[in-house]
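Here is a quick walk through one model, strand by strand and contact by contact. Have the coordinates open while you read.

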Amino acid sequence: MPRIVLPVSDQQEPTVIVERKYKPDGSAREYACELVTRRPGLIVVRFAMPAGGEIFNAPITIPPGSISYGWFWARRPYNLYRMLAPDGALIAHRFDAVADVRLLAGAVEYRDLVLDWWVLPDDTILEEDRDELDTLAATGFLSPADVAAANRAAFEVLSRYRHIIDDVAALEGKLGIRQ
């Protein structure tokens with residue numbers, strides 16, 4: 001199995017970082033991750049998926065031993081997960097519409113704006129949760145500003161997903177994230 005070399009910022013920061021996602025109902029979900037790197041406006045984390053299976057409501061099966069790199073930008077309306085099999089093969093990318101991203105010393109926090117997009121290796125795009133977004137908007141759990149932000153994320157992801165993915169792949173090389 002290839003070994004992933006993970007550079008960590010030379011600043012003294014915890015190597016464990018929490019990904020904290022606030023759902024529209026106010027609940028929070030937390031995931032313990034490994035800090036890969038921190039740059040101005042960007043945190044990259046690594047999340048191990050030792051059991052694999054059908055996690056994150058994925059439309060695909062994740063092989064045991066896979067990893068996910070989470071890319072969180074302070075000023076983008078989405079985040080990106082890049083999922084790799086144990087042999088380093090690309091499984092899929094997942095984008096989430098987000099708001100209020102906070103890059104903290106021991107955590108990355110954001111509000112989940114419901115919409116997600118899976119991009120499969122053959123460039124098939126699967127949008128998830130549009131009906132849920134509409135329901136939450138109609139019931140007031142999401143404000144008109146949140147719906148507009150989710151739709152801005154949809155526009156950016158759907159019109160630029162290949163460019164975003166290619167930029168992340170190039171940035172992995174510059175940051176020393178290699179298999």
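Strands here are DSSP runs of at least two residues, labelled E and numbered from the N terminus. By that labelling, Thr37 sits in strand E2. Keep in mind throughout that this is a predicted model.

**Around strand E2**

Is Thr37 buried or exposed? Thr37 counts as buried because its relative accessibility is 1%, and the cut-off for buried is under 20%. Its side chain isn't without polar company, though: there is a polar contact with the side chain of Arg39 at 2.9 Å.

E2 pairs with E1 in the antiparallel sense, over seven bridges. One facing pair to look at is Lys21, which stands opposite Arg29 in E2. The hairpin of E1 and E2 has five residues between the strands, and Gly26 takes a positive phi near 95° there.

E2 also pairs with E3, again in the antiparallel sense, this time over five bridges. Here the hairpin has two residues between the strands, and Gly41 is the residue with a positive phi, near 80°.

**Salt bridges**

How many salt bridges does a search of the whole structure find? The count is twelve. Three of them are set out below.

| Pair | N to O distance | Relative accessibility |
|---|---|---|
| Arg20 and Glu30 | 2.6 Å | Arg20 17% |
| Arg46 and Glu34 | 3.7 Å | Arg46 21%, Glu34 29% |
| Arg111 and Asp146 | 2.7 Å | Arg111 27%, Asp146 11% |

Take Arg20 and Glu30 to begin with: their side chains meet in a salt bridge at 2.6 Å, N to O. The pair links distant parts of the chain, with Arg20 in strand E1 (residues 16-22) and Glu30 in strand E2 (residues 28-39), ten residues apart. Arg20 is buried, since its relative accessible area of 17% falls under the 20% cut-off. This pair also belongs to a wider arrangement, as Arg20, Glu30, Arg102 and Glu109 are linked in a network of salt bridges.

Next comes Arg46, which forms a salt bridge with Glu34, the closest N and O atoms being 3.7 Å apart. Arg46 belongs to strand E3 (residues 42-49) and Glu34 to strand E2, twelve residues apart in the chain. The two are bridge partners in the strand pairing as well. Arg46 is partly exposed at 21% relative accessibility, and Glu34 is partly exposed at 29%.

Which elements does the pair of Arg111 and Asp146 tie together? The side chains meet in a salt bridge at 2.7 Å, N to O. Arg111 lies in strand E7 (residues 107-119) and Asp146 in helix H2 (residues 144-175), so the contact ties together parts that are 35 residues apart in sequence. Arg111 is partly exposed at 27%, whereas Asp146 is buried at 11%.

**Nonpolar cores**

In soluble globular proteins, nonpolar side chains tend to be buried together. In this model, the largest nonpolar core has 33 residues, and those with the most contacts inside it are Tyr69, Trp71, Phe95 and Trp117. Elements that give two or more residues to this core are E3, strand E4 (66-73), strand E5 (78-84), strand E6 (90-103), E7, helix H1 (130-138) and H2. Which of them gives the largest share? That is H2, with eleven residues. Apart from this core lies another, of 20 residues, among them Ile91, Val98, Trp118 and Leu120.

**Aromatic rings**

The whole-structure search finds six aromatic pairs. One of them is Trp71 with Trp73: the centres are 6.3 Å apart, the planes are at 25°, and the pair is stacked. Both partners are buried, Trp71 at 0% relative accessibility and Trp73 at 9%.

The pair is part of a cluster too, in which ring pairs link Trp71, Trp73, Tyr78 and Phe95. Two of these names, Trp71 and Phe95, have come up already, among the residues with the most contacts inside the largest core. Trp73 has a charged neighbour as well: Arg76 lies over the face of its ring, at 4.1 Å from the ring centre.

Definitions and conventions: Residues are numbered from 1 along each chain as its sequence is written. This is a predicted model: local features need pLDDT of at least 70, side-chain atom pairs count only at pLDDT 80 or more; totals for chains, interfaces and linings use all residues. Side-chain values use heavy atoms; hydrogens and water are left out. A salt bridge is a side-chain nitrogen of Lys or Arg within 4 Å of a carboxyl oxygen of Asp or Glu. Helices (H or I, at least four residues) and strands (E, at least two) are DSSP runs, numbered from the N terminus. Buried means under 20% relative accessible area, exposed over 50%, partly exposed in between (1.4 Å probe, protein chains only). A nonpolar core is a set of buried Ala, Val, Leu, Ile, Met, Phe, Trp, Tyr and Cys residues joined through side-chain atoms within 4.5 Å. A polar contact is a pair of N or O atoms within 3.5 Å; within protein, one must be able to donate a hydrogen and the other to accept it, and residues adjacent in sequence count only if both atoms are side-chain atoms. Two strands pair if DSSP finds at least two bridges between them. Rings of Phe, Tyr and Trp (its six-membered ring) pair if their centres lie within 6.5 Å; planes under 30 degrees apart count as stacked, over 60 as edge-to-face and the rest as tilted. A charge sits over a ring if NZ of Lys or CZ of Arg is within 6 Å of the ring centre and within 35 degrees of the ring normal.
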